Amino acid sequence: MSGLANNLNVYLSLAAIFFGLGLLTALTRKNSIGIFMGVELMLNGAGLNFVAFNAFLKDRSDGWLHGQVFSLFIIILAAIEAAVALAIVLRFFGSKQTIDPDVAVGLRG
Amino acid sequence: MTQNILSWMTFFPLIGIAAINFVPSRQENLIKWIAASATAVPLALALVLISAFDVTNPGPQFVEQFQWITSIQAEYHMGVDGLSILMILLTAMLSFLCIFAGWNVKKMVKGYFSMFLLLHVGMMGLFCSLDFFLFFVFWELMLLPMYFLVGIWGGEKKEYAAIKFFLYTMAGSVLMLVGMLALFFYSKGPNGDVLPTFNILKLAQIDWTQYKIVIFGSELPFDKTVWWLLFIGFAVKVPLFPFHTWLPWAHVQAPTAVSVILAGVLLKMGTYGMLRLNFTVLPQATEYFAYTMAILGIINIIYGAFCAMAQKDIKKLVAYSSVSHMGYCILGMAVFTPAGMNGAMLQMFNHGLSAAMMFMLVGVLYDRLHHRYIVTPEGKLGFGGIAQKAPMITAVWTLAVFAGLGLPGLNGFISESMVFLGAFPVYKTETIVASLGIVLGAAYLLWMVQRVFLGPYTTLHKDTGTGVMHPAHEIPEMTLREWVVLAPLGILCIWIGVYPQPFLDFMKTSLGSIIQNIVQ
Amino acid sequence: MESVDPLIYTALWIPTLPLLAYVIQTAFGVKLPRMGDWLSTGAIFASFLLACRIFAAMWSANDPNWAVSHAWKWIDVGTETIPFKLIVGVRLDNIAAIMLLMVTLCATLIHLFSTGYMRDHHGKPEDGYRYASFFSFLSLFTASMLGLVISDNLLTLFMCWELMGLCSYLLIGFYRHKTSAANASLKAFMTTRVGDTGLFIGMLALFGIVGSFRFEDIYRAVGEGALSGQLLGFTAAGFIGFLIFLGTVGKSAQFPLQVWLPDAMEGPTPVSALIHAATMVAAGVYLIIRMFPILEAGHVLTLVAYVGATTALLAAILAIKQNDIKKVLAYSTLSQLGYMVMAVGVGAFTAAFFHLITHAVFKACLFMSSGSVIYAMHHEQDMRNMGGLKKKLPITFAAMFITTLAISGVPAFSGFVSKDMILAGVLGFGFFNNPDHMFLPIAAFLTAGLTAFYMFRLIFMTFFGKPHDHHHYEEAHEGGWNMWLPLAVLAFFSLAIFYTGSLTGGLFGGADKIFGASNDWFKNLVQVPRLGSTLVEAGAHGHETGGHHGFEHYEHLAHMPAMILSLILAGLGIGVSFLVYGSKKISSEKLSNLWPKFVHKLIDNLYYFDFFYIKIFIQKFLMPSADKIAKFDDNVIDRIVVDGWSDVAKVGYKSAGTFDDVVVDGVMVDGLGGGIPSVFGASLRTLQNGKIQRYLLVAVAALVVLFFFRGIL
């Protein structure tokens, strides 16, 4: 590995960008599906961090692949979460005829 | 098969549950027939048990004993003796009959019969178990299906009734659990020389008066403290005043068949538990608190009768009559004479028959008229003159009522007079007060009969949809199914009333040994 | 196994036959031809024949102490150290044999009469089964009474006693569409049940001491003085005797539990005949006759005498004002029962039993005659609407007239002989022996005069004079043979000759026997039961008469005056009755105006007993207290024990909330910063608006803040 690809900071920056974009999306979209996309993006940013750290710290990890495994878990969980979330959105659409999250204020105190 | 007859009897309904859950839920009749046969087998086994039972042996018979949970010395220990044999017969018989009493359940048939069979397992196991831990497991096992049976298939206030029943019984079981653990830990002896045990027979051989127990810094006699823990646990089930208020709710809200099981079997578990644990394991404390028990029993008799007299709901009236009738059991048990004890035990069986009949008959009326008001909230008679339209229903009702109020020639008289005969030499004034219950019992039951069945025909019918009451033109007579359910109970009522000795033979040896234990 | 006298089995069949008839009738009655009335009647007739067999055995033995008994073990649950056994059996002695004959005879004739009287209910589809069930109840009733008579112990006696209570409940409430009938049946059952509970407690106490319910054991225990100890502050015998007498007070409708009997007229007339003559009310007197030794040992006989005398007099006064033909007879029954009880109370044991038998016969006849009149008049019961029926109902008239002579105490009729014995006993007791008890003979003789008066009033109003309701009068006619034959038979047996005469001198004896001779077979055969081996000895446990021998002495002394007095009074009663209602020489209004208003009011309200029991005791006390207890149950016990916990929880969080509001909020926060909390609250409130993205934003902001602080620290 060489150059840009050999630098951990590059990966971390990319992950941070992913995470920041995802957070922004999640906070601002007026569409539930969009929010989920943002959340996915954040998760992937975090997953990238794990993989990157594992790759760059392999001499300290005795060959274990904790980071990779963790990110695999994250991918799986994200998929499940998406499935559940989509189901909720569908039900929500079924009852309110919209997927604007601001309509869902049932938890208001 | 007689090797493991008790296990077969207890757990056979589980096979029924499994079978029911393989049947599509729209095949309701098949489900019902599976449930019927799953209870018919234990009934048949119970009859085998009765015929093979050795009445001269006071100890447990048909014993099955295996290691179960070795880490806490809990055993799978089943056996039958004179205390439990009639209760087993009663349980098996009433469960079988109640399948037919609940034949017209409409809602979630599969779940209903599964729950019912699970309840059967709990009840039967309780009466068979000779290990306190096993006993406790079955005691708790029964609670769950009962909660759902009342809470799902009950009347208009079913949730409230179910949660009330559940909380009460749970509170009782907590105390019982504490008592059980206390017995367990102290059973290993002061030096820890023997292993602790839950085996009731072994617990009964220990002299508990030697121990003290320290609670909040004060030293209390061990046996009396534990006696109260267990007693209150069972008193809730009996139910003894003042722990009885779950009973009218649960009885009234439960569907017919469940009310029958509640009154016929569950209440007996309280008194059975007292005999099995308080009386057998802690005889000295039992003797010490005998007078308290007698007074509690008398309060139950009189108080229940007064409450019943004021009821405007026919099912609630029958429920309070159960409170009153169970008082006779407690009074009879508290005197430690053969007449009193045998009378109390027979009264348990008899009440199982007559209360079961009355609850079934309330169901018969409810199925036809969809209400239970003796007096409606508007102050009119809800029934009235039913005798003119449905003489057969009236005749069977009359039989059940007279069995309940202790008419000679019917079962109630035998057990009540035995209780009184046993109690009078011991507590004279108290027994005279208790005999007021005879008059009050006749008063509230016959007043009910008068308002419901006699007089001009004024019966109302409640429209299930709108809830409007309007005059009922016809009351269909008893159906074949109802006859099948009620006839065996009626025949037993008369049989015991005329010739009770065969029934007394089953119990007298075991009760005799308990009396010897306490009185010596 | 000792050998059993075949008579025992004969005796067992006597109640068994009607019982079998009851079972068959209940199960298949409607399907049988004629609804099975022949079955019930035949069964009881067969019992009558068997009773004749037993009576013949007793007759040929001719021994006052003749007795056959056998017992079986019924319940045994004793342990080695504490025995408990209930032994029940059959006992035949002179009293039982005579009772059996009387009950079966009356019951057979009543059954026969019912086949005519109850025909209204025959054949109508909606009422058809009622005819069958009427006969089944009648059979059960008779079976219970017969079972009671053959019992050798208090337990089966009590069981049959209660079963009779059931049957009376069913039969009095037979016309069940009528509210009044339903009320009357409930009243009868409950009132007798009150007395029965007393009896039951007495039995418990007796069993506690004697350890057996058998009469033999009880008599032996009394003889040995086992009942002389203390029980709850009384002597045992007194306590037990009083409670047993309570049973009689309930069943035989004595003061103050007499209220149910007049109401029991709601039942069909044959039922009235059965209840008021042969069975239920007789059972009460039968009980105190059986338990005589305990009553005597317990010194309760004086109380018994006063209760009986009071009942006799009060009921006789009530009977004068009744216009319902059955009500007159009902009160006369009460009055005559009072006589019997009084007779037991003064120690006239034989006379009480004698009157029980003669009264049963003539009262059954009187009731059935009234039934015959009612039947002829199409269920008209008011005597003011009758009159002149003598020509239309000759047989009924003859029967009723003969039996009225008997009940009024006219010589040559059975009532005279038995009543005379009672009056002699009462006079001997209350005048010659204990002048303190003068009330008893005065009440007894007054009642005798009143009885003659009101019974002849009934005869004159019903059979003489002019008919008041011509429509019914024209249609009136005798019923079939099954209705007049019973009347004739019973009227025939109301003649004195059947009860007088000695065995040795032949059945009919001499002519003087008609006037109450001294060596009647009846008197010889019915005597106070032996206690173990000895008779009750004078003074030993005896009561004020000074034992039975003392009693006989005074009775002998009082015999002649009593007879003369009673004849005068009966003649007076009949004479006045004739002048008022027969020849109408004296206006009945004038006669009744002689009495002050409050007396009329008292009589019209039946001395306010019903008012007190129903309006005051039940409606003002019993029902409200039941309601209160039920409310207490709902509102207090229920609240405290379970629902109460939710209240505790509520109290808990409310007090915590108050603490929060007052202490935390008010003192700490408001006290610190005044307006801050509201701003704080409002801003916090806006945070929690239910919008997910806002929540997320807050979370991120919080994270940022945390990082920020972490950086500082």
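**Exercise 1. The nonpolar cores**

Identify, in this predicted model, which residues of the largest nonpolar core touch the most other members, and find which residues C:A352 is in contact with beyond its neighbours within four places in sequence.

*Solution.* Begin with the largest nonpolar core, which holds 437 residues, and rank its members by how many other members they touch: C:C106, C:I288, C:M342, C:A352 and C:A364 come out with the most. Next, take C:A352 from that group and leave aside its neighbours within four places in sequence; the contacts that remain are with C:V285, C:I289, C:M340, C:A343 and C:V344. Finally, a second core, separate from the largest, has nine residues, among them A:A15, A:A26, A:L41 and A:L43.

**Exercise 2. Helix α2 of chain A**

Determine how the end-to-end reach of α2(A) relates to the expected span, and establish which elements its buried residues pack against.

*Solution.* The helix covers residues 32-56 of chain A, which makes 25 residues, and from its first C-alpha to its last it reaches 36 Å, close to the 36 Å expected at 1.5 Å a residue. The second step is to list the buried positions of α2(A), which include A:S32, A:I35, A:F36 and A:G38, then A:E40, A:L41, A:M42 and A:L43, and further along A:G45, A:G47, A:L48 and A:N49. The partners of these buried residues are α1 (8-28) and α3 (66-96) of chain A.

**Exercise 3. Contacts between the chains**

Work out which pair of chains shares the most contacts, and describe the side of chain B that touches chain C by its elements and by its residue classes.

*Solution.* Two pairs of chains are in contact, and of these chains B and C share the most contacts. Chains A and B, by contrast, are joined by no contact, and their closest C-alpha atoms lie 26 Å apart. For the pair B and C, 51 residues of chain B are in contact with 40 residues of chain C. On the chain B side, the elements that give two or more residues are α6 (158-186), α12 (290-310), α14 (338-369), α15 (386-389), α16 (391-404), α17 (411-423), α18 (428-453) and α20 (501-519). The largest share of that side comes from α18(B), with 12 residues, and the residues of the whole side divide into 33 nonpolar, 15 polar and three charged. For the complex, the predictor gives an ipTM of 0.88 and a pTM of 0.81.

**Exercise 4. The fold of chain B and the make-up of chain C**

Decide what the radius of gyration of chain B says when set against a compact globule, and then collect the corresponding descriptors of chain C.

*Solution.* Chain B has 20 helices and six strands, and its C-alpha trace spans about 75 × 60 × 45 Å along the principal axes. Because a compact globule of 520 residues would have a radius of gyration near 24 Å, the 22 Å of chain B agrees with that expectation. Of the 520 residues in chain B, 59% are buried, and among its contacts between residues at least 6 apart in sequence, 77% join residues at least 24 apart. Chain C has 27 helices and four strands, with buried residues making up 53% of its 713 residues.

**Exercise 5. Confidence in chain C**

Find where the pLDDT of chain C stays under 50, and state how far the coordinates should be read there.

*Solution.* Start from the chain as a whole: the mean pLDDT of chain C is 79, and 84% of its residues reach 70 or more. Over residues 502-518 of chain C the pLDDT stays under 50, although the model has 27 contacts for them beyond four places in sequence. Over residues 532-547 of chain C it is also below 50, and this stretch has 38 contacts beyond near neighbours in sequence. Where pLDDT is low, predicted coordinates should not be read in detail.

**Exercise 6. Backbone geometry**

Locate the cis peptide bonds that precede B:P239 and C:P256, and classify the positive-phi residues A:Q97 and B:M108 by exposure.

*Solution.* The bond from B:V238 to B:P239 is cis, with omega near -5°, and B:P239 sits in the loop between α8 (222-237) and α9 (246-253) of chain B. In chain C, a cis bond joins C:F255 and C:P256 with omega about 5°, and C:P256 lies in the loop between α8 (236-251) and α9 (260-263). Turning to phi, A:Q97 has a positive value near 60° and is placed in the segment after α3 of chain A; because it has 8 C-beta neighbours inside 10 Å, A:Q97 counts as exposed. The phi of B:M108 is near 45°, in the loop between α3 (85-101) and α4 (109-128) of chain B, and with 14 C-beta neighbours inside 10 Å B:M108 counts as partly exposed.

How values were computed
Residues are numbered from 1 along each chain as its sequence is written. Chains are lettered from A and ligands numbered from 1 in the order in which they are written. This is a predicted model: local features need pLDDT of at least 70, side-chain atom pairs count only at pLDDT 80 or more; totals for chains, interfaces and linings use all residues. The expected span of a helix is 1.5 Å times one less than its number of residues. A residue is buried if 20 or more other C-beta atoms lie within 10 Å of its own, exposed if 12 or fewer, and partly exposed in between; C-beta atoms are placed from the backbone. Two residues are in contact if their C-beta atoms, placed from the backbone, lie within 7 Å. Ala, Val, Leu, Ile, Met, Phe, Trp, Tyr, Cys and Pro count as nonpolar, Asp, Glu, Lys and Arg as charged, and the others, Gly among them, as polar. pLDDT is the predictor's confidence in each residue, from 0 to 100. A nonpolar core is a set of buried Ala, Val, Leu, Ile, Met, Phe, Trp, Tyr and Cys residues joined through C-beta atoms within 7 Å. The radius of gyration is taken over C-alpha atoms; the globule rule is 2.2 Å times the number of residues to the power 0.38.
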